[in-house]
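Please open the model in your viewer and keep the selection panel at hand. The tour begins with the chain as a whole and then goes from one selection to the next.

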Amino acid sequence: MSSSTPFKMRLVHLDLKGAPPRVSYLSEVFPLFHALGANGLLIEYEDMFPYEGHLRLLRAKHAYSPSEVTEILRLARLSELEVIPLVQTFGHMEFVLKHAAFAHLREVALFPNTLNPHEAESLALVQAMIDQILELHRDVRWLHIGCDEVYYLGEGETSKQWLQQEQNSHAKLCLSHMQAVASHVLTQHPGITPLVWDDMLRDIPQEQLKASGVPQLVEPVLWDYGADLDVHGKVFLIGKYQECGFQRLWAASAFKGATGASQALPPVEHHIRNHELWLQVAGSGPRDALQGIILTGWQRYDHFSVLCELLPVGIPSLAACLQSLVHGGFAEDVRLRAEHFLGVSSLEITDTVSEGAGSFPGSDIHALVTQISLHLRSSVDTLLERNRYVTGWFSPYHRRRKLVHPVMIQHIQPEALSLLSRWNNLVQQLEAALQLVFYPDTIEEWLEENVLPSMQRLQDLLQDLGEAAARQPPPTGPGWDTGQNP
């Protein structure tokens, strides 16, 4: 299958810090991942890992149990997907540092993003997290230790004092923590190699990187999710890292979760283009320079942001991207293969997403989310802002004062009720489908963010209309023409 791809390993990223799927859903999609060309998983557990002891408070409400993690690993093996766990150890530590018990380990007291690298307790904390993760992942060859977007590093009070010493720098501070974490992995867990995201390394001078010893400890993952990825710049960066002494390098693309924090539908064309450019990078640089590629599927931009595209909604994009990697591009025959795997008649890549039904796991969620995302808000906007009866006779001015011409109730109310009924029906279908894949808090959050605002506007219109109608005098009362002479 992979004869024409330069990427020996193709890992699908599961970002569990938002909308973590039930294990039953993973049992359905893992075989599809394998069929599409994946041979590994990068599992970013965050607060879904069943931490124990003093770390137990990190668990989310619906965190997987140890037996569920074991089952996920068993299911992955059945589908020939090699698992690499990911645990953040420097930046993106919000799920840890938001807790009062660990808040004193923040680099900047106000912000829970970044760990203070000067505190011995900080290192002990991430070592304990790593040890618990690896206790349940005994057969892995790699552990991803994160280390991306270490915002505000150097802005803590201890760091400011440390940086005043002439020989110290932000780069040295970053590298020393990476070195400490990676050394723990290598000494306490022999045979496991740490991976790190590469963004904090990119601008560090070559000689400093080489002298730090970090290139002998970790394998960087060069990430770029853009449809305008700079191929020559990436090839140059690969050369720089190789000259620094890094033994192996990885790439990271995106199939969803990279084009907007609140994105509901993945722009498939953007993601295919991103993978085509990574193929160009692999073809332009030294042969076998990249060990593999991680197809990231971000579910939140960070622990506190809203949900972006749900995993079932991203499956068609993932199919197109994996098949592009396997076959060296997204030609017409590759599109047909992707459509076959998905059970769709047409995979539209130039539109936001195909609205066609499919037979892949979660295809009902994909279809319903697509309808709601493309049409719910616009249909309500059309009624409230472009319907001539609403804008002309039941404006915000009228609604606040509960004024309405009686005949306008007959023009507005049936259409609003019909629209509300139609969307209520679709939302109920979606809710039922979501319950089979996700936990209740995910469903509540997605509906509240993506459905409730528009439904509330419709309901408010009908409520105002009802109250205005109730204030009308009866037909035989004063001020009404009954058709009879006095």
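With a surface drawn over this predicted model, you are looking at about 20800 Å² of exposed area, of which carbon and sulfur atoms supply 50%. Of the 486 residues of the chain, 55% count as buried. Colour the charged side chains next: there are 36 positive and 56 negative ones, and the centres of the two sets lie 2 Å apart.

Now change to a cartoon, in which the chain shows 17 helices and eight strands, while its C-alpha trace spans about 105 × 55 × 45 Å along the principal axes. If you display contacts between residues at least 6 apart in sequence, 76% of them join residues at least 24 apart.

For a first close view, select W142 and W250, whose ring centres lie 5.1 Å apart with the planes at 85°, so that the pair is edge-to-face. Because W142 belongs to strand β4 (residues 142-144) and W250 to strand β7 (residues 249-256), this pair ties together parts that are 108 residues apart in sequence. Both side chains are worth checking against the surface: W142 is buried at 2% relative accessible area, and W250 is buried at 0%.

From there, go to Y151 and Y152, another edge-to-face pair, with 6.4 Å from centre to centre and 65° between the planes. Here Y151 counts as partly exposed at 40% relative accessibility, and Y152 is partly exposed as well, at 31%. Selecting Y45, F49 and Y51 then brings up a cluster linked by ring pairs; in total, the model has ten aromatic pairs.

Turn next to the cysteines, and select C147 and C174. How far is the sulfur of C147 from the closest cysteine sulfur? The distance is 6.8 Å, to C174, which is too far for a bond, given that a disulfide needs the two sulfur atoms within 2.5 Å. Both residues are buried, C147 with a relative accessible area of 0% and C174 with one of 3%, and the structure as a whole holds zero disulfides.

Finish at W393, which is found in helix α13 (residues 388-393) and is partly exposed, with a relative accessible area of 34%. Leaving aside residues up to four places away in sequence, W393 touches R388, H398, L403, V404, H405 and M408. To see one of these contacts in sequence terms, measure from W393 to M408: the two are 15 residues apart along the chain, and their C-alpha atoms are 7.0 Å apart in space.

Methods: Residues numbered from 1 in each chain as written. Predicted model: local features only at pLDDT ≥ 70, side-chain atom pairs only at ≥ 80, totals over all residues. Heavy atoms only, no water. Helix = DSSP H or I, 4+ residues; strand = E, 2+ residues; numbered from the N terminus. Buried < 20%, exposed > 50% of the residue type's maximum accessible area, 1.4 Å probe, protein only. Contact = heavy atoms within 4.5 Å. Areas by Shrake-Rupley, 256 points an atom, 1.4 Å probe, with all protein chains shown as cover. Lys, Arg positive; Asp, Glu negative; His and termini not counted. Charge placed at Lys NZ, Arg CZ, Asp CG, Glu CD. Phe/Tyr/Trp six-rings, centres within 6.5 Å; stacked < 30°, edge-to-face > 60°.
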